[in-house]
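Visitor: I'd like to go through this one slowly and hear the reasoning behind each label. Can we put it on screen first?

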Amino acid sequence: MVDQSITDNTEIELQRTIGDIVAENVTEDDYMRVYAESFHEWIRGDVIKMPPVTLIHDNLTDYLRDLFKAYFALKPLGKVIGAPFVMRISKPKSRREPDLQVILNTNLGTLKATYMDGAADICIEVASRATAAMDYGEKFTEYEKGGVGEYWIIDPIRKECRFYRLNDKQLYQSHHIDDEGYYKTPQLPQFKLHVPTLWDDELPNILQVVEAVKAMVSDV
């Protein structure tokens, strides 16, 4: 079912972004030339500096990226790209740098050398106290309107994940983990994310990730 608390909050178009605005009335070309590589985002001409990541944020994004890289090595259906890498969407007009973008082979024609020209298939944001309002609010609205097929919010503070997929009305609908704690998406056959593992004090290392993914894709 749709998470009504999110959809209610995002019906209103936000006029000013949350975050530290470091420049205004900046062209897209100047943003890409001056700011994009140093963790800035561009919203309707404003350049916003992203806050520094925490250790838990870094650990989670590394783990998830390793998980996707191992999966795509065994099932070459696409690729995963980490920040700072711009995703360029036009409705609404923004240039975001999601923590992770999953881009499938069917979508690779829009992948440029320095940015994704259009919506990624899956965007993942790891929420923090500094970014939670943006992740749950502005980015939810932008990714939905921009056509991002799935939006995952990984929230280590609350120890919960929210998984949204566009429905046939192009609105995000929330999906849940199964009884064993796994989230599965039809976009990635045999892939499954064990959500409780994300809250472990020590996440699996790269060797453990590879073995887990081998077992995952061979599981019939």
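Guide: Sure, and keep in mind that this is a predicted model. Let's start with H5, which has 13 residues and reaches 18 Å from its first C-alpha to its last. That is close to the 18 Å expected at 1.5 Å a residue.

Visitor: Which residues of H5 are buried?

Guide: Val209, Val213, Met216 and Val217. The label needs under 20% relative accessible area, and these residues of H5 get it.

Visitor: Why do you say that the buried residues of H5 line one face?

Guide: Look down the axis of H5: its buried residues fall within an arc of 80°, so they line one face of the helix. On the face turned away from that buried side, H5 carries the exposed residues Leu207 and Ser218. For those two, exposed means over 50% relative accessible area.

Visitor: What covers the buried residues of H5?

Guide: The cover includes H3.

Visitor: How do you know that the span of H3 agrees with its 20 residues?

Guide: At 1.5 Å a residue they should span 28 Å, and the end C-alpha atoms of H3 are 29 Å apart, so the two agree. The buried residues of H3 include Leu60, Leu64, Phe68 and Tyr71. What the buried residues of H3 pack against is S4, S7, S9, S10, strand S14 (193-194) and H5.

Visitor: Several of those are strands. What is the order of the strands in the open sheet?

Guide: S4-S7-S9-S10-S11-S12, 6 strands with mixed pairing.

Visitor: What makes S4 and S12 edge strands?

Guide: Each of them, S4 (78-82) and S12 (172-175), pairs on one side only. From one strand to the next, the twist averages 20°.

Visitor: And what makes the pairing mixed?

Guide: Take S9. With S7 the pairing is antiparallel, over 3 bridges, while with S10 it is parallel, over 5 bridges. A pair needs at least two bridges, and S7 with S9 has 3. Ile124 of S9 shows both sides: Leu100 stands opposite Ile124, and Ile124 stands opposite Trp152 in S10. At the far end of the order, S11 and S12 pair in the antiparallel sense over 4 bridges, with Gln173 in S12 as the bridge partner of Arg165.

Visitor: How do you know that both faces of S9 are covered?

Guide: Ile122, Ile124 and Val126 are buried on one side, and Cys123 and Glu125 are buried on the other. That gives 5 of 5 residues buried in S9.

Visitor: Which strands does H3 lie across?

Guide: H3 (residues 55-74) lies across S4, S7, S9 and S10, running at about 165° to S4. Helix H4 (residues 132-146) packs on the sheet too, touching S9, S10, S11 and S12, and its direction makes about 165° with that of S10.

Visitor: Which residues touch the most other members of the largest nonpolar core?

Guide: Phe68, Trp152, Ile154, Phe191 and Leu198, out of 31 residues. H3 gives the largest share of this core, 8 residues. H3, S7, S9, S10, S11 and H5 are the elements that give it two or more residues.

Visitor: What does Ile154 touch?

Guide: With contact set at heavy atoms within 4.5 Å, and residues up to four places away in sequence left out, Ile154 touches Leu60, Leu64, Ile124 and Leu198, among others.

Terms used
Residues are numbered from 1 along each chain as its sequence is written. This is a predicted model: local features need pLDDT of at least 70, side-chain atom pairs count only at pLDDT 80 or more; totals for chains, interfaces and linings use all residues. Side-chain values use heavy atoms; hydrogens and water are left out. Axes are lines fitted to C-alpha atoms, for helices over the stretch in contact, and angles run from 0 to 180 degrees between N-to-C directions. A nonpolar core is a set of buried Ala, Val, Leu, Ile, Met, Phe, Trp, Tyr and Cys residues joined through side-chain atoms within 4.5 Å. Buried means under 20% relative accessible area, exposed over 50%, partly exposed in between (1.4 Å probe, protein chains only). The expected span of a helix is 1.5 Å times one less than its number of residues. The arc is that of the directions from the helix axis to the C-beta atoms.
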